[in-house]
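Here are my notes on this one, written for someone opening it for the first time. Have the viewer to hand and go through the points in order.

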Amino acid sequence: MATVAELKAVLKDTLEKKGVLGHLKARIRAEVFNALDDDREPRPSLSHENLLINELIRESLEFNKYKYTASVLIAESGQPVVPLDRQFLIHELNAFEESKDNTI
């Protein structure tokens, strides 16, 4: 019969292999921050510049498959849940997009 320690190790290993453990940890952190956040003190509104900067950070996080980190960024920053349109970002940043690989 397996010991509790062995069951914990198997559970942890399984969750890590499925990519769930990181998500659970990030989700718990986000929920703790939300619970501790003082609703009496409203967050400052996002400036246009911070909105763009946060969106670039989110795009980088998602490109690198850090989706759980991106979810914490969204929860803490007040960034819209729906990503900004890429063409809008390109226009706002006066950038251009390489047609071959969609890089800016």
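1. A word on terms before the tour: helices here are DSSP runs of H or I with at least four residues, strands are runs of E with at least two, and both are numbered from the N terminus. Counted that way, the chain has 5 helices and 0 strands. Going along the sequence, you read the pattern as α-α-α-α-α. Keep in mind throughout that this is a predicted model.

2. Now the overall shape. The radius of gyration is 19 Å, while a compact globule of 104 residues would come out near 13 Å. Along the principal axes, the C-alpha atoms fill a box of roughly 65 × 45 × 15 Å. Just 16% of the 104 residues count as buried. The accessible surface adds up to about 8,300 Å², and carbon and sulfur atoms make up 59% of that.

3. How is the chain divided? It is split into domain 1 (1-40) and domain 2 (42-103). Their C-alpha centres sit 26 Å apart. The two do touch: 10 residues of domain 1 are in contact with 6 residues of domain 2. On contacts within the whole chain, take those with a separation of 6 or more: 52% of them join residues 24 or more positions apart.

4. For a feel of the distances, start at the beginning of the chain. Ala2 lies in the segment before α1. Ala2 and Phe63 are 61 residues apart in sequence, and their C-alpha atoms are 40 Å apart in space. Ala2 is partly exposed, because its relative accessible area is 43%, and the range for that label runs from 20% to 50%.

5. Next, have a look at helix α2 (residues 20-36), where you'll find Leu24. Leu24 joins Ile28, Val32 and Leu36 in a nonpolar patch on the surface, and together they have about 390 Å² of accessible area. Leu24 itself has 37% relative accessibility, so it counts as partly exposed.

6. On to charges. Side chains of opposite charge can pair when their charged atoms come close. How many salt bridges are there? The count comes to 3, and the next points take them one by one.

7. One of them joins Asp13 and Lys17, with 3.2 Å from N to O. These two are 4 residues apart in helix α1 (residues 4-17), so about one helical turn separates them. Asp13 is partly exposed at 35% relative accessible area, whereas Lys17 is exposed at 68%.

8. Arg58 and Glu55 make another salt bridge, at 2.9 Å from N to O. Because they are 3 residues apart in helix α3 (residues 48-63), about one helical turn lies between them. Are these two buried or exposed? Both Arg58 and Glu55 are buried. For Arg58 the relative accessible area is 1%, and anything under 20% counts as buried.

9. The salt bridge between Arg86 and Glu59 has its closest N and O atoms 2.9 Å apart. This pair links distant parts of the chain, since Arg86 is in helix α5 (residues 86-92) and Glu59 is in helix α3, 27 residues apart. Arg86 is partly exposed, with a relative accessible area of 25%. Glu59 is partly exposed too, at 27%.

10. Arg58 deserves a second visit in helix α3. What does it touch, leaving out residues up to four places away in sequence? The list is Ala70, Leu73, Ile74, Gln79, Pro80, Val81, Val82 and Pro83.

11. Some of those names come back in helix α4 (residues 67-77), where Ala70, Val72, Leu73, Ile74 and Ser77 are buried. The buried residues of α4 pack against α2 and α3. Just after α4 comes Gly78, which takes a positive phi of about 85°.

12. If you return to one spot, I'd suggest Arg58: it is buried along with Glu55, it forms a salt bridge with Glu55, and its contacts include Ala70, Leu73 and Ile74, which are among the buried residues of α4.

Methods:
Residues are numbered from 1 along each chain as its sequence is written. This is a predicted model: local features need pLDDT of at least 70, side-chain atom pairs count only at pLDDT 80 or more; totals for chains, interfaces and linings use all residues. Side-chain values use heavy atoms; hydrogens and water are left out. Patches are made of residues with over 30% relative accessible area and no salt bridge: like charges are joined within 9 Å, nonpolar side chains (Val, Leu, Ile, Met, Phe, Trp, Tyr) within 5 Å. Accessible areas come from the Shrake-Rupley method with a 1.4 Å probe; for residues, only the protein chains shown count as cover. A salt bridge is a side-chain nitrogen of Lys or Arg within 4 Å of a carboxyl oxygen of Asp or Glu. Buried means under 20% relative accessible area, exposed over 50%, partly exposed in between (1.4 Å probe, protein chains only). The radius of gyration is taken over C-alpha atoms; the globule rule is 2.2 Å times the number of residues to the power 0.38. Contact means heavy atoms within 4.5 Å. Domain bounds come from an automatic or database domain assignment.
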